[in-house]
Amino acid sequence: MEETEKDRNIRILHSGVFTPLRRWATKWSLWPCHFLTSCCGVELAHTGACGYDMERLGTLNMGISRQANFIMVEGTITRKMARALRIVWEQMPDPKFVNVIGACGQRGGIFWNSYNITRPSDIVPVDFFIPGCPITPEGLLRGVRAVQEKIEGRDNTTIRFKHVELPPEEGEQNRAPTTPKIFAPTPLVRVDVPRDVDWAFGNDLVKNLKAQLNGLYTSITITDKNRIAIKTTPENLVETSRKLSDTMGVDHVKSVNVIDVPHERKFMVEYMVSGYTEELMPVILTIFTEIGREAEPEISSLTSLWESANYSERELHDFFGVKFKGNEGMKGKFLLAPDTPDTPLRRDYKLEEEQYTIEEGVPLTSAITPPHYTPPSSSPSYSESELEDLKMPAYEDVLKEAEKNDEFVAFIGPHHSGSGHLRWVMRMKGDIIKEVIPDPGYVHRSMEKIAENRLYIQNVPLTERPNISDPINMNLGYVRAIENALGIEVPERAKYIRTIMAELSRIGAFFYDMGIFPLFMGHSTGFMYSFAIREMVLELMVRMTGSRCTPSFIIPGGIRRDISDDVLDRTRKFTSAIHKRLKKYENIFVYNPVLISRMKEVGVLTREEAIRCGIVGPFLRASGVEYDVRKAEPYEVYDKLDWEATTGDAGDCLGRIFGRLEEMKQSVEIVRQAVDAVQEMPRGGVISEEILGDYKEASGDIRGYLYNVYGDLVLPKGEWTSVTEAARGTVLYSIISDGESNVPYRVRIITPCWMNLRGIIEASKGERVADFWTVYASFGYFPPEADR
Amino acid sequence: MMEMIDTLMETVMSNQVSIPLIEPMLDVLPEIPMLQYMVAFMLWKPLFAILICPGLTVGGLTLLFFPWIERKLCGRAQWRVGPHEIVWWLGGVIQLLADTLRFLFQEVIVHKDAHRPYFLQFPFLSFTIFLLPLLFIPAGTIVAIQTPYAIQIILALVCLFPLFILGLGWASNSRFAYIGTVREAFMYFAYEIPFIIAAIAMIILYGTSDPLLMASRQSIPGIILNPVAALVFFIGAAMATGRMPFEIADSDQELCAGPHVEYSGIAFGLIYVLCYEKAYILSALMTILFLGGGSGPVIAGLGDLSGVLWFVVKTYLVLTTLFMLRAVYPRYRLDQGLKLGWSPMLCLALIGLAISLVVVAVRVI
């Protein structure tokens with residue numbers, strides 16, 4: 001029998017004179033390679049931080065593959081990342097071990113039928129799988145223990161299944177949910193369904209728009225409060241946009257979207273734009289047009305007007321094959337890997353369907369095809385062509401240009417201690433950065449495509465997966481879009497609890513970013529202190545919802561169940577207990593003189609630059625734009641509580657960090673006020689009775705009724721857009737429903753990090769090389785969120 | 001033949017480490033044939049210095065256990081435990097032994113683009129050469145080679161360190177190693193001049209560069225006589241060893257450990273301890289120059305070992321301070337590090353020199 005790659009490690013361990021010594025040493029010195037592949041990295045960070053302290057087991061996180069002997073594959077491996085995983089594995093010296101953590105690493109988890117997912121076990125030999133979505137730090141430590149036992153030659157950890165004969169089920173009550181999905185065959189897809197709303201300013205605005213855009217538009221409709229749709233022709237698109245930009249003060253793009261309507265042989269292209277002026281702030285103008293669905297659809301790009309549309313246009317070029325004339329990035333793929341299917345978001349690319357019952361002889365899934373460059377396990381070395389295949393794209397033109405200008409190019413990531421899950425191509429002259437070119441998409445898990453193929457309620461867990469360090473706010477945006485469409489009023493108590501949880505989530509995300517920032521600065525104490533505080537937040541989350549990072553607790557109409565007084569009491573105590581630890585953290589890290597000298601006047605974005613790049617959230621506020629969705633378009637109970645939005649005007653790294661610190665303190669204040677209010681409130685329903693229908697008894701606790709209530713949710717026809725202030729900025733969900741199917745026709749998710757990417761590039765231009773990491777970390781960039 | 005042995009024994013016996021505590025044992029020894037000579041050789045001061053302290057034994061133990069102390073202390077500062085499970089009843093003290101053995105048994109990868117001979121030579125070569133300054137460092141009164149120019153020789157050898165790092169980086173032929181190497185070269189020039197000036201200030205202050213005489217002339221420790229030079233020397237040592245605010249050349253998050261990004265197995269293991277070796281030597285030097293070397297209250301019964309003990313304690317104190325910087329500071333940027341080296345530190349070093357001259361002048365008057 002030929003030796004597999006997996007056996008080779010064990011053979012190396014068990015051969016030679018020094019076998020016992022060798023096994024003992026390897027066992028206690030498993031250094032995991034710092035290879036972040038997906039969102040489970042959040043929990044890995046917790047395992048390394050002071051709450052769990054992985055170093056107890058001699059497991060020291062090492063940044064460099066050559067010196068490590070252990071990979072923890074953190075969740076999803078996309079097609080783009082698969083290549084990187086193989087390279088990293090090849091770079092490591094023998095003997096080496098691989099643990100795959102998270103459900104995605106086994107069969108894709110929640111993304112099992114995505115077009116961009118591979119199985120890590122197809123790419124590298126895996127020693128142990130640790131399930132969970134995400135895994136808990138305890139599970140991760142157990143995984144390390146399992147590998148240690150394997151090295152010793154023992155195996156107590158693997159679960160062995162027994163085959164048992166189960167009697168056929170009786171009755172209907174315990175069946176798996178069987179709500180069938182209804183796809184309307186030829187739906188009427190419209191984004192400008194008029195709606196009667198009480199919005200005086202809107203009527204004036206429409207009059208104004210009609211006067212300004214005379215002859216350029218086809219129709220102007222009020223689709224909802226604060227939402228106006230402007231239909232135009234492809235020829236007039238640029239002219240319309242220019243008019244809006246020049247006369248109305250529209251200065252940024254919130255979202256770019258393409259909707260594929262194959263049965264009408266057209267694409268709808270829409271730009272959601274807005275302006276940061278006092279009255280225009282909450283308003284979103286949707287400029288849309290229709291283009292034919294021929295072989296190479298084309299439309300003029302609006303990048304020259306609004307820089308912020310740039311990356312979204314490039315992304316949509318990948319997804320739909322729609323060419324945006326005038327955008328320079330239309331040559332190759334941006335988000336997707338070379339071997340990902342072309343134009344996967346078109347309607348005629350079908351994903352594998354979900355099966356609720358398993359039939360004899362039918363394989364459970366065949367959706368995941370291995371990437372084509374997996375080398376045969378029998379041969380230890382590569383042929384030349386295989387090696388070529390394994391290499392990542394090298395940006396030949398950048399290299400050539402750099403050589404001409406006497407510059408140096410470094411490829412940073414995706415396996416790099418300071419890159420996160422994406423690749424940066426950095427052109428530098430001496431110690432000065434000339435340009436940083438991003439290569440995102442290493443965690444692109446096709447959230448938008450999957451969302452089109454699942455029930456509305458099934459998308460709730462999906463929408464929080466992009467950002468498990470800030471899950472509640474991600475959920476809240478999606479759920480609010482649905483509630484808005486259905487016109488549901490959420491019970492008061494649920495609103496308060498949602499606010500509490502959203503703010504806790506914001507605090508958690510702040511401490512996540514403020515833990516990664518010290519790491520990038522080489523300051524591990526700051527990381528530990530920060531994650532210690534985050535552990536307190538997660539503790540509260542567990543007590544409220546039962547999950548550390550992925551609660552899926554917010555559902556259309558309210559929350560899953562009421563939270564107990566005990567937990568509320570704890571939350572109240574937390575708001576005062578946090579200050580003591582925060583003080584220590586501030587003293588050691590935030591007010592550290594070395595750090596302040598590193599951040600001051602570094603990565604400056606002026607107000608105009610910030611708006612032009614389209615950055616959002618606290619980072620935009622740090623540059624002096626007073627835009628906070630919670631103030632501009634209040635949702636939940638933010639308008640009833642006493643708090644202030646923070647703004648600064650420095651626009652440098654220090655301003656961004658201090659702004660977020662101040663915002664976090666405001667969040668603690670909000671939580672305190674909200675908890676006080678809830679404690680005085682009578683207990684009652686937390687789910688709106690309008691959505692419960694016949695199941696009124698579920699209003700305090702949805703358990704047992706979820707699919708009965710939400711299984712056949714259908715949204716009214718039209719486009720429903722919600723804007724939410726997540727921890728790192730504005731998250732925008734735009735759901736397009738055809739009014740017939742019980743799955744969304746299209747879901748567009750614009751996450752704050754995706755918008756901030758442009759800001760990082762601009763801010764780091766002309767700075768010193770080491771400053772890139774200051775800028776990068778000051779933006780709190782979280783790649784899974786950006787790539788979706 | 002016998003005469004030769006006698007002459008040799010005379011030389012050896014005339015320069016013995018005297019330890020009153022074990023003298024009764026030594027009196028018994030002449031009855032056992034060969035052991036007498038062996039013990040005599042072991043206690044011969046130059047050999048004792050090379051083999052025991054500050055040489056191989058103490059040096060080796062430092063390399064093996066000091067990283068553990070560092071990890072444990074940092075762990076305490078960071079609200080956690082640090083290495084623990086390996087021998088839980090000793091707090092994981094042999095963690096570094098496991099790491100070292102693991103590196104020893106692991107594959108050494110030489111990648112295609114590397115300059116193979118240099119790539120493999122440099123780690124071993126540098127490790128050996130970095131041990132040389134230990135020959136001139138006295139522990140108490142025990143020193144391997146006693147010369148009036150010891151400090152100058154140690155400084156010259158210490159200045160060799162960065163050259164080997166440059167060699168490592170060059171042989172690696174990797175982009176990150178290249179940037180890291182260039183940064184190392186820049187930093188080298190930034191700290192070396194103030195560092196040497198600070199040492200020279202102390203030589204002027206004591207009027208000698210013989211470490212043994214230096215220790216005897218520090219009735220008031222050098223750090224009190226010239227605190228400015230001590231500060232410069234300490235910061236210089238932190239820069240030279242790449243400690244935290246100045247971990248610029250091999251910054252893990254920016255350059256993936258810079259010059260040694262491509263090393264694996266035992267080659268990396270040697271480079272990993274290189275910085276500890278360097279820190280040990282510089283701490284010993286700091287002990288001699290500023291903390292009075294092995295001088296301290298004589299512990300009855302230990303004799304010469306008393307000085308050795310004080311020397312080791314002081315060196316470890318400096319070493320711990322140096323390494324605990326990691327728990328407190330993030331790292332500087334390259335230009336900030338250079339600026340610090342070339343302006344404030346150079347000025348301070350010159351002020352230190354002036355202070356020394358004043359002190360000497362006052363003494364003369």
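Which residues point one way from β2(A), and which the other way? I shall open with that question, and I should say at once that the model before us is a predicted one.

In strand β2 of chain A, the side of A:F70, A:M72 and A:E74 is one direction, while A:I71 and A:V73 point the other way. Residues of both groups are buried. Strand β2 spans residues 70–74 of chain A, and 5 of its 5 residues are buried, so the strand is largely enclosed by the rest of the structure.

Let me turn to the partners of this strand. Strand β1 of chain A, residues 32–33, pairs with β2(A) in the parallel sense, over 2 bridges. Within that pairing, A:C33 stands opposite A:I71. Between β1(A) and β2(A), the chain crosses through helix α3 of chain A, residues 41–48, and this β-α-β crossover is left-handed. Strand β4 of chain A, residues 97–101, also pairs with β2(A) in the parallel sense, here over 5 bridges. In this pairing A:E74 of β2(A) has A:I101 of β4(A) opposite.

A second strand pairing in chain A deserves attention. Strand β9 of chain A covers residues 252–261, and 10 of its 10 residues are buried. The strand pairs with β10(A), residues 266–274, in the antiparallel sense over 9 bridges. Across this pairing, A:I259 stands opposite A:M268. The hairpin formed by β9(A) and β10(A) has 4 residues between the strands, and A:R265 takes a positive phi near 50° there.

I now move to a single residue, A:S114. Where does A:S114 lie? This serine is found in the loop between α5 (104–107) and β5 (117–118) of chain A. Is A:S114 buried or exposed? The residue has a relative accessible area of 5%; the limit for a buried residue is under 20%, and A:S114 is therefore counted as buried. Its side chain reaches the backbone nitrogen of A:N116 at 3.0 Å. A polar atom of the A:S114 side chain also lies 3.4 Å from the backbone oxygen of A:R445. If neighbours within four places in sequence are left aside, A:S114 is in contact with A:R445, A:S446 and A:I450.

Finally, the interface between the two chains. How many residues of chain B are in contact with chain A? There are 54 on chain B, and they meet 64 residues of chain A. Together the chains bury about 5,300 Å² between them, with 59% of it on carbon and sulfur atoms. Of the area that chain B buries against chain A, B:W79, B:F105 and B:Q253 supply 15%, more than any other three residues.

As for polar interactions, the rule finds 7 salt bridges across this interface. One salt bridge joins the side chains of A:E55 and B:R80, at 2.6 Å from N to O. Between chain B and chain A, 30 residue pairs are in polar contact, counting pairs with both residues at pLDDT 80 or more. On the side of chain B that touches chain A, the elements giving two or more residues include α5 (56–77), α10 (175–206) and α17 (334–364) of chain B. The largest share of that side, 8 residues, comes from α6(B).

To close, I return to the opening strand: β2(A) has 5 of its 5 residues buried, and its parallel pairings are with β1(A) and with β4(A).

Notes. Residues are numbered from 1 along each chain as its sequence is written. Chains are lettered from A and ligands numbered from 1 in the order in which they are written. This is a predicted model: local features need pLDDT of at least 70, side-chain atom pairs count only at pLDDT 80 or more; totals for chains, interfaces and linings use all residues. Side-chain values use heavy atoms; hydrogens and water are left out. Buried means under 20% relative accessible area, exposed over 50%, partly exposed in between (1.4 Å probe, protein chains only). Two strands pair if DSSP finds at least two bridges between them. A crossover is right-handed if, with the strands pointing away from the viewer, the path from the first strand over the helix to the second runs clockwise. Contact means heavy atoms within 4.5 Å. Buried area is the accessible area (1.4 Å probe) that two parts lose on being put together, summed over both. A salt bridge is a side-chain nitrogen of Lys or Arg within 4 Å of a carboxyl oxygen of Asp or Glu. A polar contact is a pair of N or O atoms within 3.5 Å; within protein, one must be able to donate a hydrogen and the other to accept it, and residues adjacent in sequence count only if both atoms are side-chain atoms.
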